[in-house]
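Visitor: I am new to this structure, and I would like to understand how its descriptions are reached. Could you show it to me and take me through the reasoning?

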Amino acid sequence: MLLIYDEAQTGLGRTGDMFAFEFDGIVPDILTLSKTLGAGLPLAAVVTSVDIADACRERKFSHFTSHTSDPFTAEVGLAVVQTIVSEKLVTQAVEMGRYLEDGLKQLMTRHENIGDIRGRGLLLGMEIVEDRSSREPGNDRMNQLSSYCFKNGLNINRVGGRHAVWRIAPPLTITEAEVDQALNIMDEAFTSIG
Ligand SMILES: Cc1ncc(COP(=O)(O)O)c(C=O)c1O
């Protein structure tokens, strides 16, 4: 059986390792990448061994997309990887992730409707609840808080449904001053809305 890691979200530094599988001490047979790899352009990659790639070809596996072998996006992907390495953005994700997580945990000490802070590196989640002991998700509250933040210059990705979670994944290049600015806006939002 092959182990496939989908690192569309976690790949290329975001969790504080170049790849999240490093944290688990595992090397997958197949790795998928997108998002960060293209820096906003439609670029994704499937990374595997020569043996597995050859076996796929022998078994007539085929896959096509509009941008297959597009040299422009490939060049962008290469520049992204080189920049992550040369600007030490994996270390930056560890350091700024810690700074952001500490700031979010500080907010949690002051605002009862924050149910949990979790994640790794610069991929963090803030659970928004109606009540911290029951952990009942605060979907309406999250929407109001998100609108408040947006009006004040902070766009936060919402995960709704069975949970109400802010998915916080800022650029790997974020600065302390930008983190402080974001935390202040969140703080004001919770103070104003609860
Ligand atoms: C975990 C995961 N895998 C795959 C995808 C699909 O990525 P793409 O649309 O860049 O191919 C996404 C997109 O949100 C994702 O979050």
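Guide: Let us begin with a term: a polar contact is a pair of N or O atoms within 3.5 Å. The model shown here is a predicted one.

Visitor: What makes the pair formed by K35 and the ligand a polar contact?

Guide: A polar side-chain atom of K35 lies 2.7 Å from an oxygen atom of the ligand, and the cut-off is 3.5 Å, so the pair counts as a polar contact. The protein buries 43% of the 400 Å² that the ligand exposes when taken alone.

Visitor: Which other side chains have a polar atom that is set against an oxygen atom of the ligand in this way?

Guide: For Q9 the distance from a polar side-chain atom to a ligand oxygen is 2.8 Å, and for S34 an N or O atom of the side chain is 2.9 Å from such an oxygen. Both values lie within 3.5 Å, and therefore these pairs are polar contacts as well.

Visitor: Why is the shell around the ligand said to have 2 charged residues?

Guide: The ligand is surrounded by D6, A8, Q9, S34 and K35. Asp and Lys count as charged, so D6 and K35 are the 2 charged residues, while the shell also has 1 nonpolar and 2 polar residues.

Visitor: How many domains does the assignment give, and what lies between them?

Guide: The chain is assigned domain 1, covering 4-86, and domain 2, covering 90-193. Between them about 990 Å² is buried, with carbon and sulfur atoms giving 57% of that area. The side of domain 1 that touches domain 2 divides into 5 nonpolar, 5 polar and 2 charged residues.

Visitor: How many salt bridges and how many polar contacts are counted between the two domains?

Guide: The count of salt bridges between domain 1 and domain 2 is 0, whereas 3 residue pairs are found in polar contact across their interface.

Definitions and conventions. Residues are numbered from 1 along each chain as its sequence is written. This is a predicted model: local features need pLDDT of at least 70, side-chain atom pairs count only at pLDDT 80 or more; totals for chains, interfaces and linings use all residues. Side-chain values use heavy atoms; hydrogens and water are left out. A residue is near a molecule or strand if one of its heavy atoms lies within 4 Å of it. A polar contact is a pair of N or O atoms within 3.5 Å; within protein, one must be able to donate a hydrogen and the other to accept it, and residues adjacent in sequence count only if both atoms are side-chain atoms. Accessible areas come from the Shrake-Rupley method with a 1.4 Å probe; for residues, only the protein chains shown count as cover. Domain bounds come from an automatic or database domain assignment. Buried area is the accessible area (1.4 Å probe) that two parts lose on being put together, summed over both. A salt bridge is a side-chain nitrogen of Lys or Arg within 4 Å of a carboxyl oxygen of Asp or Glu.
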